[in-house]
2 protein chains.
Amino acid sequence: MGGSGKGMSSCDTCVVRNRAICAGLNNLELETLNAIGRRRNVTAGESLIWEDDDSLLVANVIEGVLKLTTSTEDGREQIVGVAYPSDFIGRPFGQTSSASVVALTDARVCVFSRNDFDRYAREHPELEHKLLERTLAELDRTRSWMMLLGRKNATEKIATFLLEMSDRLAETGCSPVSGPARRFALPFSRQQVADVLGLTIETVSRQFTRLKNERVIDLPSRREVEILDRSALISLAG
Amino acid sequence: MGGSGKGMSSCDTCVVRNRAICAGLNNLELETLNAIGRRRNVTAGESLIWEDDDSLLVANVIEGVLKLTTSTEDGREQIVGVAYPSDFIGRPFGQTSSASVVALTDARVCVFSRNDFDRYAREHPELEHKLLERTLAELDRTRSWMMLLGRKNATEKIATFLLEMSDRLAETGCSPVSGPARRFALPFSRQQVADVLGLTIETVSRQFTRLKNERVIDLPSRREVEILDRSALISLAG
DNA sequence: TGCGCGTTTTGACATTCGTCAACGCCCGGG
DNA sequence: CCCGGGCGTTGACGAATGTCAAAACGCGCA
């Protein structure tokens, strides 16, 4: 919840303070924003937002990884996005959200009621601009993922996925300008990897073992991946 | 190009004036915007923007239909979006565009240099807000298309596609509050339908004839579709 | 250390969709 | 009116991926 008075706010100590959409707000603005938001811990597997529900809240991710999913009535699931620290989640300026948001790892978020946030955003063009830039970038990423879903085969999907994970998880890493991660812990189960790539769990598993047998990657444990031959992975990604 | 002086501008006669992001601008603002933009006709098949090129221009669609595509080096193509009248195309606030934009029909657009537009937008929060709302809506649509690409089979894809076309093309139609179109002309060739759905042209063709044989749709000509049994189509869409 | 359960892997088989090839239809030009 | 070319359709076949089932693994816990 953070202190109040004397300009103290939990934003002061926020680790994503300079990367989230709040970056660029001055202390006064930050204080008003802080007044309408609150920290919340989410445990792995817990839902924050439900598909087709009224859009009641939006949030910044402070720590952890969350999935955005859509489902069919008969239970098929597609992961349509993944949110990392400093990412913004939820659907501002709209009545319903088109995707569920579920924590993949224990996570910490900074939540706002959508109404409060909408009002605040409309009064702060700089914040809206940050949100616009972020949304445009997310749309770009989403479109390139459509290419993967519609036109790539299982091998290309897995290779592309591993390269993207390696990039995305490096950004979160502590070492400065570390480049893509060579070894990392997947925040996804095999089923979740399948749900990202539009495959079945069996196909994912077979592709992983194939890449392992061909010494392109190593799998030290279920959740860990080490990239042994990045250039091979790049050419497999197509 | 439209007249100048005395506040006259081509915006005055623009058919998408009240639906595009320019809606809500006052006359003065419209005049400055008009000063940095110009009308341009694009013939069917012509490109307006190239994937991975520097993002040099953005535009409003006035008339016609355009496709947004991404391609792999080996020539596979995925249509990642379709732009209709009043839609905004191009990548503001970014160095490169992630998709090509090609006219499917003869089209008319209102183009701006990206630099001019970026500068103008940053000075007009109301315009940026409209653009944000539009981008958020487009992201929603794109995500629900990911579900289709990743998890639906050929029949479901075709049914979903036909229903979406029927909705989207109705909006453009002249009759007020007409509801979804029962009969319409596809702006896509069979190959382009395949590129939207992540299928091959042969699979698309077979699904079309199957639906025709089952009296769910009729195909009066190559480019025309008539929906005979909408509820059947809805249940096939899954 | 050993047990038990959920996850992952592996195998055998089925199905869908893609590939390749031939044919047919429509439309425009001579 | 007829021809030609592009686009669309149809058929036969094969490969990639999904499905179902069983075994193996690994992790927490007793």
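1. **DNA strand D.** In this predicted model, 18 residues surround DNA strand D. The closest are A:Asn153, A:Ala154, A:Thr203, B:Ser205 and B:Thr209. H6 of chain A gives two or more residues to this surface, and so do helix H5 (190-197) and H6 of chain B. H6(B) gives the most, with six residues. By class, the surface near DNA strand D has four nonpolar, eight polar and six charged residues.

2. **DNA strand C.** Around DNA strand C there are 17 residues. A:Ser205, A:Thr209, B:Asn153, B:Ala154 and B:Thr203 come nearest. Three elements each supply at least two residues here: helix H5 (190-197) of chain A, helix H6 (201-213) of chain A and helix H6 (201-213) of chain B. The top contributor is H6(A), with six residues. The surface near DNA strand C holds four nonpolar, eight polar and five charged residues.

3. **How the chains are related.** Two copies of a chain are related by a rotation about an axis and a shift along it. Here a rotation of 180 degrees, with 0.0 Å of shift along its axis, superposes chain B on chain A. The RMSD is 0.0 Å. That is the relation of a two-fold axis.

4. **The interface between the chains.** How many residues of chain B touch chain A? There are 34, in contact with 34 residues of chain A. On the chain B side, strand S5 (77-83) and helix H3 (125-151) each supply at least two residues. H3(B) has the largest share, 20 residues. The chain B side divides into 12 nonpolar, 13 polar and nine charged residues. Why do the copies meet through the same surface? Because 100% of the interface residues of chain B are also interface residues in chain A.

5. **Helix H5 of chain B.** This helix also gives residues to the surface near DNA strand D. Is H5(B) mostly covered or uncovered? H5(B) is mostly covered, with six of its eight residues buried. The buried residues are B:Gln192, B:Val193, B:Ala194, B:Asp195, B:Val196 and B:Leu197. After H5(B) comes B:Gly198. The phi of B:Gly198 is positive, near 70 degrees.

6. **Three-stranded sheet, chain A.** Strands of a sheet pair through backbone hydrogen bonds, either parallel or antiparallel. In chain A, three strands make an open sheet in the order S9-S11-S10, with antiparallel pairing. Its edge strands are strand S9 (183-185) and strand S10 (217-218), each of which pairs on one side only. Three bridges join S9(A) to strand S11 (residues 224-227) of chain A. A:Arg183 has A:Glu226 in S11(A) as its bridge partner.

7. **Strands S9, S10 and S11 in chain B.** Strand S9 (residues 183-185) of chain B runs antiparallel to S11(B), and three bridges join them. B:Ala185 stands opposite B:Glu224 in S11(B). On S10(B), residues 217-218, two bridges lead to S11(B), again in an antiparallel pairing. B:Asp218 stands opposite B:Glu226 in S11(B). S10(B) and S11(B) form a hairpin with five residues between them.

8. **The two faces of S11(B).** In a regular strand the side chains alternate between the two faces of the sheet. Which residues of S11(B) make up the covered face? They are B:Val225 and B:Ile227. The uncovered face has B:Glu224 and B:Glu226. B:Glu224 is the residue opposite B:Ala185, and B:Glu226 is the one opposite B:Asp218.

9. **Four-stranded sheet, chain A.** Another open sheet of chain A has four strands in the order S1-S8-S3-S6, with antiparallel pairing. Strand S1 (37-42) and strand S6 (88-89) are the edge strands, and each pairs on one side only. Strand S3 (residues 57-63) and strand S8 (residues 107-113) of chain A are joined by six bridges. Within that pairing, A:Val61 stands opposite A:Val109 in S8(A).

10. **Confidence.** Chain A averages a pLDDT of 93. In that chain, 93% of the residues score at least 70. Where does the pLDDT of chain A fall below 50? It does so over residues 1-5. Beyond near neighbours in sequence, this stretch has eight contacts in the model. Where pLDDT is low, the predicted coordinates should not be read in detail.

Definitions and conventions. Residues are numbered from 1 along each chain as its sequence is written. Chains are lettered from A and ligands numbered from 1 in the order in which they are written. This is a predicted model: local features need pLDDT of at least 70, side-chain atom pairs count only at pLDDT 80 or more; totals for chains, interfaces and linings use all residues. A residue is near a molecule or strand if its C-beta atom, placed from the backbone, lies within 6 Å of it. Ala, Val, Leu, Ile, Met, Phe, Trp, Tyr, Cys and Pro count as nonpolar, Asp, Glu, Lys and Arg as charged, and the others, Gly among them, as polar. Two strands pair if DSSP finds at least two bridges between them. Two residues are in contact if their C-beta atoms, placed from the backbone, lie within 7 Å. Copies are superposed by least squares on the C-alpha atoms of residues with pLDDT of at least 70 in both. pLDDT is the predictor's confidence in each residue, from 0 to 100. A residue is buried if 20 or more other C-beta atoms lie within 10 Å of its own, exposed if 12 or fewer, and partly exposed in between; C-beta atoms are placed from the backbone.
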